[in-house]
Amino acid sequence: MNTISVNQQNTEQQDPARLHIAIQKSGRLAEDSIGLLKQCGVKLVKSKDQLFCKSSNFPIDVFFVRDDDIPAFVDGNVCQVGMVGENVLIEKQQAAMLEGAEGMFQNIEKLMDLGFGKCRLSLAVPQSADYGGPKTLAGKTIATSYPGILSRYLKSQNIQAKLVKMEGAVEIAPRTKLADAICDLVSTGSTLALNGLIEKDIVLESQAVLIKNPNLSEEQKVILDRLMMRLNGVRRAQSSKYIMLHAPVSALEDLQKALPGSESPTIVPLEGREDLVAIHAVCDEGVFWDTMEDLKARGATSILVLPIEKMLD
Ligand code: ATP
Ligand code: ZN
């Protein structure tokens with residue numbers, strides 16, 4: 001079904017001078033994906049079309065689809081790029097290999113981590129189960145929505161187990177005796193606990209990633225470079241802080257050492273004070289309460305830590 005609508009969109013809206021990006025329509029990644037595009041200054045005009053949206057100020061068109069369909073949109077070059085959980089991309093690639101669909105999804109390239117949608121694909125067993133590592137699962141039944149990734153993992157550990165593929169509600173499988181264990185996505189572990197399960201081993205760590213088809217037009221390459229520069233700027237700004245403080249001249253050197261990840265701070269004289277200066281610095285690493293306490297102990301006063309919105313070198 002999806003393939004047909006993908007091809008229809010393809011002929012209707014494919015424009016080699018614009019970059020097409022696939023993002024999740026609704027779900028855990030939807031809000032952050034659109035938020036990130038907005039932070040990159042990409043304005044999206046709401047349209048009646050639920051699938052497709054053109055940006056009014058950047059040569060980008062956004063396709064809103066189910067997360068599981070994003071790799072296919074990118075593989076088919078209907079969209080040149082996409083934002084998707086790395087777990088979904090790797091599962092599509094592994095499953096295609098297992099099914100002998102040679103080449104499917106293999107040319108998709110991961111461009112960057114996007115910093116949201118963080119989770120892990122983990123093995124979990126009932127709290128009462130006797131578990132001494134993944135080898136305990138030999139000969140057992142494991143329910144999962146990720147048979148491709150799980151098969152690769154079991155093979156690498158030399159374990160033979162029976163897999164039951166479930167599309168959702170995997171966590172109920174042990175209670176209903178459908179499986180002895182599960183392999184499912186976990187972020188806090190609260191869903192597991194609610195179902196009397198306990199997380200044991202991590203099979204894959206994942207987060208949302210930007211993915212790309214290898215065949216872009218020259219115009220699309222230029223647009224993608226601009227987008228990537230902005231994405232990197234937003235990502236760096238997210239992890240950086242602007243710090244301002246007053247420092248006794250005598251403690252200047254010592255204080256500079258304590259500023260996390262900042263190479264050359266700006267030193268500003270303070271009107272009417274020979275003994276004090278102001279230091280302004282961009283800190284690439286987190287500035288926490290203990291960092292501020294450390295700075296204070298080294299003589300700093302009036303310490304201000306500000307968020308940074310955008311960054312471009
Ligand atoms: P769709 O309707 O688009 O198919 P979905 O229900 O399959 O959505 P979501 O539950 O919205 O998918 O999850 C999307 C992605 O969010 C996952 O593939 C994963 O990368 C990420 N994610 C982060 N934390 C979790 C979590 N605790 N459980 C499931 N997915 C998570
Ligand atoms: Zn999905």
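This is a short talk on the domains, one sheet, some ring pairs and some salt bridges of a predicted model.

Okay, hi everyone. Keep in mind as we go that this is a predicted model.

Let's start with the overall layout. The domain assignment splits the protein chain into domain 1, made of 3-117 + 208-237, then domain 2, which is 119-205, and domain 3, which is 240-307. Notice that domain 1 is written as two stretches, 3-117 and 208-237. If you take the centres over C-alpha atoms, domain 2 and domain 3 are 49 Å apart.

Now let's look at a sheet. It's an open one with 5 strands, and the order is β8-β7-β9-β6-β10, with mixed pairing. Which strands stand at the edges? Those are β8, residues 162-165, and β10, and each has a single partner strand, so one side of each has no neighbour in the sheet. From one strand to the next, the twist averages 25 degrees.

Here's a general point before we zoom in. Strands of a sheet pair through backbone hydrogen bonds, and they can be parallel or antiparallel. In our sheet, β6 and β9 (residues 181-186) run antiparallel, with 5 bridges joining them. If you want a spot to click on, try L121, which stands opposite L185 in β9.

Next, find helix α5, residues 147-156. This helix lies across β6, β7, β8, β9 and β10, and runs at about 95 degrees to β10. Which residues of α5 are buried? They are P147, G148, I149, L150, Y153 and L154. A bit of general background helps here: an α-helix has 3.6 residues a turn, so residues three or four places apart point the same way. What do the buried residues of α5 pack against? The answer is α4 (86-98), together with β6, β7, β8, β9 and β10. And just after α5 comes N158, with a positive phi of about 60 degrees.

Okay, on to the rings. There are 2 aromatic pairs in the count. One of them is F52 with F63, an edge-to-face pair with 5.0 Å centre to centre and 75 degrees between the planes. Since F52 is in strand β2 (residues 52-54) and F63 is in strand β3 (residues 60-65), the pair ties together parts that are 11 residues apart in sequence. Buried or exposed, what is F52? With a relative accessible area of 7%, F52 is buried. F63 comes out at 1% relative accessibility, so F63 counts as buried too.

Then there's F63 with F73. Their ring centres are 6.0 Å apart and the planes sit at 55 degrees, so we call this pair tilted. F63 is in strand β3 and F73 is in helix α3 (residues 70-75), so to speak linking distant parts of the chain, 10 residues apart. F73 is buried, just as F63 is. Put it together and F52, F63 and F73 make one aromatic cluster.

Last topic: charges. In general, side chains of opposite charge can pair when their charged atoms come close. How many salt bridges does the structure hold? There are 14.

Let me walk you through a few. R120 bridges to E199, with the closest N and O atoms 2.7 Å apart. R120 lies in strand β6 (residues 119-126) and E199 in strand β10 (residues 197-206), so this pair ties together parts that are 79 residues apart in sequence. E199 is partly exposed, at 25% relative accessibility.

Another one is R236 with D313, where the closest N and O atoms are also 2.7 Å apart. Why does this pair tie together separate parts? Because R236 is in helix α7 (residues 218-239) while D313 is in the segment after β15 (301-307), and that puts them 77 residues apart in sequence. R236 is partly exposed, with a relative accessible area of 34%, whereas D313 is exposed, at 85%.

Then we have D254 and R298, whose side chains meet at 2.9 Å, N to O. D254 is in helix α8 (residues 252-258) and R298 in the loop between α9 (289-297) and β15, and the two are 44 residues apart. D254 is partly exposed at 32%, and R298 is partly exposed at 27%. Finally, R18, K54 and D61 are joined into one network by salt bridges that share partners.

That's it from me, thanks for listening!

Technical notes. Residues numbered from 1 in each chain as written. Chains lettered and ligands numbered in written order. Predicted model: local features only at pLDDT ≥ 70, side-chain atom pairs only at ≥ 80, totals over all residues. Heavy atoms only, no water. Salt bridge = Lys/Arg side-chain N within 4 Å of Asp/Glu carboxyl O. Helix = DSSP H or I, 4+ residues; strand = E, 2+ residues; numbered from the N terminus. Buried < 20%, exposed > 50% of the residue type's maximum accessible area, 1.4 Å probe, protein only. Phe/Tyr/Trp six-rings, centres within 6.5 Å; stacked < 30°, edge-to-face > 60°. Domains from an automatic or database assignment. Pairing = 2+ DSSP bridges. Axes fitted to C-alpha atoms, helices over the stretch in contact; angles between N-to-C directions. Contact = heavy atoms within 4.5 Å.
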